[in-house]
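The following questions and answers concern the terms used to describe a two-chain model. Each answer sets a computed value against the criterion that it has to meet.

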Amino acid sequence: MNLDSEPGRPWSVRPQFPLPVPTEDNQPFWDALLEGRLVVQECASCSGLIHPPRPMCPECGSFDKTWRQMSGRGEVYSYVVTHQAIHPAYNGHTPYATVLVRLDEGPLVTTNLTDVVHEEIEIGMPVQMIPASLTEEISIPLFRRR
Amino acid sequence: MSTALRNRVAIAGIGETDYSRESGRSEMMLALQAIKAALDDAGIAPSEVDGLMTWRVDNTSEAEIAANLGVKDLAWFGDINQAGNVGAALVAHASAAIVAGLANVVVIYRGMNGRSGARYGRGEVTGRRGQGGSAFTEPFGLLTPQHGLAMTARRRMHEFGTTSRQFGYVAVSEREHALRNPRATFYGKPLTIEDHQESRMIVDPFHLYDCCLETDGGGALVLVSAERARDLKQPPALIRAAAQAGYAKGRAFVDTSAAALAPRFWEHAGVAPSDVDVAQIYDHFAPFVVFALEDYGFVERGEGGPFVESGGIRWDGGMLPVNTSGGHLSEAYLQGMNQLLEGVRQIRGTSTAQVEKVNLSFVDTGIGTGALLLERAS
């Protein structure tokens with residue numbers, strides 16, 4: 001997607017926001033996003049989906065994992081709108097909405113919506129994942145209305 | 001469920017400093033002033049202390065505190081991880097140590113320059129620069145404790161129909177209590193429901209007056225065996241039950257830990273929520289008083305909003321007065337310590353918003369992560 005800031009757009013690049021710092025436990029999640037894919041950790045033993053990724057399956061205790069491709073479809077589960085620039089990095093970006101999306105497959109993903117102003121966000125709104133490249137090494141999963 | 005702790009330990013002394021926005025003293029000084037006041041209150045010499053416990057986020061060192069107090073032998077010390085929400089859990093740990101004979105005089109303390117020092121409200125304490133689990137939240141603008149909590153508040157508003165205006169009655173009720181408390185930050189400053197509703201949004205659905213203060217101050221409790229407490233200066237506040245819950249599997253962004261803690265806590269206590277005379281509830285954000293009332297079983301889910309709106313938590317006529325000193329919203333934010341102190345005052349009969357005939361005084365110190373039931377000695 002085009003990340004250039006456009007007037008009136010609900011999402012634009014926020015260069016001072018913290019970047020994700022991948023670890024051994026979640027690197028495949030971030031690698032897939034560089035290819036434009038949203039994957040979620042799947043337990044290789046009981047097939048349970050685990051997000052955010054973690055070393056051990058809370059259902060069966062297995063350490064073995066695979067990564068399952070998501071449809072990228074989901075709906076808004078909850079959201080908050082930050083009005084006060086609580087951190088200097090947020091200066092010039094408020095108000096902005098942070099959204100929890102319940103993927104069709106079940107997991108909850110924290111994100112921002114690219115094309116919905118915060119006044120129009122509603123719980124239950126159907127959305128679709130759209131990857132956004134922040135650096136050569138990091139893309140993050142954003143969502144748009146569908 | 002074990003009842004091994006029931007009424008075998010007491011809070012025998014309480015102490016605090018003044019509450020301000022700029023203390024002009026070190027956190028070590030604040031902690032020591034509060035500890036000294038608590039020991040004087042109990043009538044115990046500082047050198048008798050053999051146990052010290054505090055929050056993991058406290059910046060002081062137990063050894064340094066012990067050196068200041070002239071402790072002879074620090075037999076029991078420790079802290080509990082997480083954040084501000086561990087006050088009642090510390091009481092549970094200290095009580096277990098006393099019952100087990102591992103320590104005799106345990107002081108629980110907190111000293112913090114929460115306003116003039118590192119500020120929670122600015123992510124200065126909790127921001128993790130995208131590392132660990134925060135890789136999945138901070139890049140999207142969730143940086144402070146209130147962000148995740150606001151997600152829960154929004155979802156519960158959606159599911160149970162609770163409104164911002166109802167949350168506002170938590171703030172208004174607590175402010176009424178603070179108007180009776182000269183120690184409170186907002187003493188002499190009334191708040192109306194319109195003031196709450198018109199106050200600016202911080203993180204929607206949290207208005208300004210849904211959010212706790214940031215405070216410089218210190219507080220301390222002295223715990224001893226119930227037997228010892230009988231011979232000390234103050235009427236003992238017996239610990240009828242104390243429990244913690246560090247993590248609870250439940251519905252994400254709906255259930256608080258109280259939903260898991262409550263059944264075993266009440267079983268341990270051997271009483272029902274309806275037996276409680278007065279409650280102090282961790283109010284970092286006003287909506288969580290409503291959620292705690294629901295998840296501890298004081299009211300049914302969805303009834304917390306109407307309950308506070310109809311005056312249920314007011315000292316003046318409420319069925320269950322809550323946060324009678326003004327709480328974190330209007331007295332001070334000492335991470336549950338000021339609520340522990342007020343829970344003891346209600347047992348002693350010394351609150352500035354004293355409830356009549358208090359036998360059982362309940363304290364929650366953080367979204368269900370720890371709870372305490374204090375009982376008046378017969």
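**Helix packing, chain architecture and the contact between chains**

Q: Which residues of α5(B) and α9(B) meet?
A: In this predicted model, B:Gln166, B:Phe167 and B:Val170 of α5(B) are in contact with B:Pro287, B:Val289 and B:Val290 of α9(B). The residues of this contact comprise 5 nonpolar, 1 polar and no charged.

Q: Why are α5(B) and α9(B) called roughly perpendicular?
A: The axes of helix α5 (residues 164–178) and helix α9 (residues 287–295) of chain B cross at roughly 95 degrees, and they come within 8 Å. Angles of 65 to 115 degrees count as roughly perpendicular. The crossing angle falls in that range, and the two helices are therefore described as roughly perpendicular to each other.

Q: What makes the radius of gyration of chain B agree with that of a compact globule?
A: For 378 residues, a compact globule would have a radius of gyration near 21 Å, and chain B has 19 Å, so the two agree. The C-alpha atoms of chain B fill a box of roughly 55 × 45 × 45 Å along the principal axes. Of the 378 residues, 61% count as buried. The secondary structure of chain B consists of 12 helices and 11 strands. Among the contacts in chain B with a separation of 6 or more, 76% come from residues 24 or more positions apart.

Q: How do you know that chain A is as compact as a globular protein of that length?
A: Chain A contains 1 helix and 8 strands, and from the N terminus its elements follow the order α-β-β-β-β-β-β-β-β. The globule rule gives 15 Å for 146 residues, and the radius of gyration of chain A is 16 Å, which is close to that value; chain A is therefore as compact as a globular protein of that length. The C-alpha trace of chain A spans about 50 × 30 × 25 Å along its principal axes. Buried residues account for 34% of the 146 residues. Of the contacts in chain A between residues at least 6 apart in sequence, 52% join residues at least 24 apart.

Q: Why do β2(A) and β3(A) count as edge strands?
A: The open sheet of 3 strands in chain A has the order β2-β1-β3, with antiparallel pairing. Strands β2 (49–50) and β3 (65–69) each have a single partner strand, so one side of each is left without a neighbour in the sheet.

Q: What makes β1(A) a partner of both β2(A) and β3(A)?
A: Two strands pair if there are at least two bridges between them. Strand β1 (residues 39–43) of chain A is joined to β2(A) by 2 bridges in the antiparallel sense, and A:Gln41 stands opposite A:Ile50 in β2(A). With β3(A), which also runs antiparallel to it, β1(A) has 5 bridges; here A:Cys43 stands opposite A:Lys65. Both pairings therefore meet the criterion. The hairpin of β1(A) and β2(A) has 5 residues between the strands, and within this hairpin A:Ser47 takes a positive phi near 65 degrees.

Q: Why is β1(A) described as largely enclosed by the rest of the structure?
A: Of the 5 residues of β1(A), 4 are buried, so the strand is largely enclosed.

Q: Why is A:Leu34 called partly exposed?
A: A:Leu34 lies in helix α1 (residues 27–34) of chain A. A residue is buried with 20 or more C-beta neighbours and exposed with 12 or fewer. A:Leu34 has 13 inside 10 Å, which lies between these limits, and therefore counts as partly exposed. The C-alpha atoms of A:Leu34 and A:Leu134 are 9.9 Å apart, although 100 residues separate them along the chain.

Q: How do you know that β4(A) and β5(B) pair?
A: At least two bridges are required, and β4(A) shares 2 with strand β5 (residues 201–204) of chain B, in the antiparallel sense. The bridge partner of A:Thr82 in β5(B) is B:Val203.

Q: Which elements of chain A give two or more residues to the side that touches chain B?
A: They are β4 (73–82), β5 (96–103) and β6 (108–111) of chain A, and β4(A) gives the most, with 6 residues. In total, 28 residues of chain A are in contact with 31 residues of chain B. The chain A side has 18 nonpolar, 10 polar and no charged residues.

Technical notes: Residues are numbered from 1 along each chain as its sequence is written. Chains are lettered from A and ligands numbered from 1 in the order in which they are written. This is a predicted model: local features need pLDDT of at least 70, side-chain atom pairs count only at pLDDT 80 or more; totals for chains, interfaces and linings use all residues. Axes are lines fitted to C-alpha atoms, for helices over the stretch in contact, and angles run from 0 to 180 degrees between N-to-C directions. Angles under 35 degrees count as roughly parallel, over 145 as roughly antiparallel, 65 to 115 as roughly perpendicular and the rest as oblique. Two residues are in contact if their C-beta atoms, placed from the backbone, lie within 7 Å. Ala, Val, Leu, Ile, Met, Phe, Trp, Tyr, Cys and Pro count as nonpolar, Asp, Glu, Lys and Arg as charged, and the others, Gly among them, as polar. The radius of gyration is taken over C-alpha atoms; the globule rule is 2.2 Å times the number of residues to the power 0.38.
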